[in-house]
Amino acid sequence: MNATTTRGALFAALACVLVGGSFTANSLLGDYPYAGGQFLRYGLAFLLLVPLAGPGATTRLRALGAARWLRLAVLAAVGMVGFNLAVLAAERTAEPAVPGVFVGCAPVVVAVLVPLLEGRRPQRVVLYGSLFVAVGAFTVQGWGRTDGAGIAFSVCALIGEVGFAVLAVPVLRPLGPWLLSTVVCGIAAAESALIGVLADGDGWLPRPDAVEIGALLWQAVVVTVVGFVCWYMGMQRIGAERATLFSGLIPVAAACTAPLVGAGSYGAAQAVGSALVCAGVAVGSGAVSVWFARRGRAPGGTRQRVPERSLEKL
């Protein structure tokens with residue numbers, strides 16, 4: 001891994017840790033209308049990101065075309081608003097671990113889907129790493145009570161998590177991480193407002209109390225502004241397949257932060273699952289191969305000479 005891919009891995013890891021920690025903030029918003037909370041979260045994030053969108057933002061947006069604007073609208077609807085709605089709907093009849101387990105399978109789906117969409121074969125090392133991550137995420141969360149509806153909405157949550165990465169691939173290059181994050185937050189805020197008016201009527205945006213304000217500020221500033229920009233900066237450097245490996249850190253971060261608010265405990269299963277996730281990330285990102293290469297040994301233990309120039313490609 002060179003400096004660019006190392007930074008990309010760090011950005012993706014930080015983004016997923018922040019998202020995992022956001023589940024603690026979600027527990028403080030249980031009584032606040034969903035759509036109103038999403039509107040405040042994404043609307044504030046949009047306002048904070050606009051000055052940071054970069055030079056020539058208007059020109060780049062005009063050059064997108066109708067098809068890419070539609071893709072951005074679907075990205076916000078599926079990967080942001082829809083994902084959160086699906087998780088909430090799943091948790092009505094299923095324990096929180098159930099949608100978490102399905103979302104933990106996102107690295108496997110992305111490792112297969114992205115190469116197929118680009119007309120190439122999946123990378124075996126990334127696929128193996130994603131399987132480790134999925135098993136680790138399952139171990140961290142376990143399995144819980146559910147029914148058919150809970151499983152169906154959990155599948156929808158998985159689709160949302162995959163869509164958040166896959167749908168962004170064609171628009172990340174022309175927009176860049178900062179402008180892409182700005183645009184999807186603005187669209188998600190508008191979509192949330194529409195859902196709120198249709199679903200909750202006049203009560204869709206009540207005044208939040210002090211605790212809810214703190215939770216919403218955390219979600220808007222830290223999870224959305226910092227998290228989204230870091231996520232897309234990571235994707236830009238290491239690609240969607242390897243970046244999605246780090247989504248296994250989401251349940252790990254959630255498990256680590258849950259005890260802080262009395263919403264769970266961290267035990268042996270969480271420790272083992274965390275180790276599996278870290279192993280999967282190390283294998284799939286290529287860090288293990290680089291480590292062996294720099295030591296002059298193949299993974300099987302055979303010593304080999306690796307030219308310095310070849311290390312730059314890993």
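Here are some worked exercises on a predicted model of a protein chain.

**Exercise 1. Work out what the chain is built from: how many helices and how many strands are there?**

Step 1. Count the elements: the protein chain has 14 helices and zero strands.

Step 2. Read along the sequence, and you get the pattern α-α-α-α-α-α-α-α-α-α-α-α-α-α.

Step 3. Now look at contacts between residues with a separation of 6 or more: 86% of those in the protein chain are between residues 24 or more positions apart.

**Exercise 2. Take Thr5: which helix is it in, is it buried or exposed, and which residues does it contact?**

Step 1. Find the helix: Thr5 sits in α1, which covers residues 3–26.

Step 2. Check the accessibility. The cut-off for buried is under 20% relative accessible area. Thr5 comes in at 19%, so it counts as buried.

Step 3. Skip the neighbours within four places in sequence, and Thr5 is in contact with Arg237 and Ile238.

**Exercise 3. Describe the aromatic pair of Phe39 and Trp204: what is its geometry, and where does each residue lie?**

Step 1. Start with the total: the chain has four aromatic pairs.

Step 2. In the pair of Phe39 and Trp204, the centres are 5.2 Å apart and the planes are at 65°. Planes over 60 degrees apart count as edge-to-face, and that is the label this pair of Phe39 and Trp204 gets.

Step 3. Place the partners: Phe39 belongs to helix α2 (residues 34–49), while Trp204 is in the loop between α9 (169–200) and α10 (210–245). They are 165 residues apart, and the pair links distant parts of the chain.

Step 4. Compare the two with the cut-offs. Phe39 has 27% relative accessibility, so it counts as partly exposed. Trp204 has 14%, so it is buried.

**Exercise 4. Now try Tyr42 and Phe228: why is this pair called tilted, and which parts does it tie together?**

Step 1. The ring centres of Tyr42 and Phe228 lie 6.4 Å apart with the planes at 40°, so the pair is tilted.

Step 2. Tyr42 is in helix α2 and Phe228 is in helix α10, so the pair ties together parts 186 residues apart in sequence.

Step 3. Tyr42 has just 1% relative accessibility, so it counts as buried. Phe228 is buried too, because its relative accessible area is 7%.

Step 4. Zoom out a bit: ring pairs join Tyr42, Phe164, Phe228 and Tyr232 into a cluster.

**Exercise 5. Explore the inside of the protein: which residues touch the most other members of the largest nonpolar core, and which helix gives the most to it?**

Step 1. Get the overall picture: 47% of the 314 residues in the protein chain are buried.

Step 2. The largest nonpolar core has 62 residues, and Leu72, Met80, Leu180, Trp231, Tyr232, Met235 and Phe246 touch the most other members. Helix α10 gives the most to this core, with twelve residues.

Step 3. Pick one of them: leaving out residues up to four places away in sequence, Phe246 touches Ala9, Ala12, Ala13, Cys16, Ile238 and Val281.

Step 4. There's also a second, separate core of five residues, including Phe83, Ala86, Val87 and Val103.

Step 5. For some background, nonpolar side chains tend to be buried together in soluble globular proteins.

**Exercise 6. Check the cysteines: how many disulfides are there?**

Step 1. Search the whole structure, and you find zero disulfides.

Step 2. Look at two cysteines: Cys105 is partly exposed, because its relative accessible area is 30%. Cys156 is partly exposed as well, with a value of 39%.

Conventions:
Residues numbered from 1 in each chain as written. Predicted model: local features only at pLDDT ≥ 70, side-chain atom pairs only at ≥ 80, totals over all residues. Heavy atoms only, no water. Helix = DSSP H or I, 4+ residues; strand = E, 2+ residues; numbered from the N terminus. Buried < 20%, exposed > 50% of the residue type's maximum accessible area, 1.4 Å probe, protein only. Contact = heavy atoms within 4.5 Å. Phe/Tyr/Trp six-rings, centres within 6.5 Å; stacked < 30°, edge-to-face > 60°. Core = buried A, V, L, I, M, F, W, Y, C linked by side-chain atoms within 4.5 Å. Disulfide = S-S within 2.5 Å.
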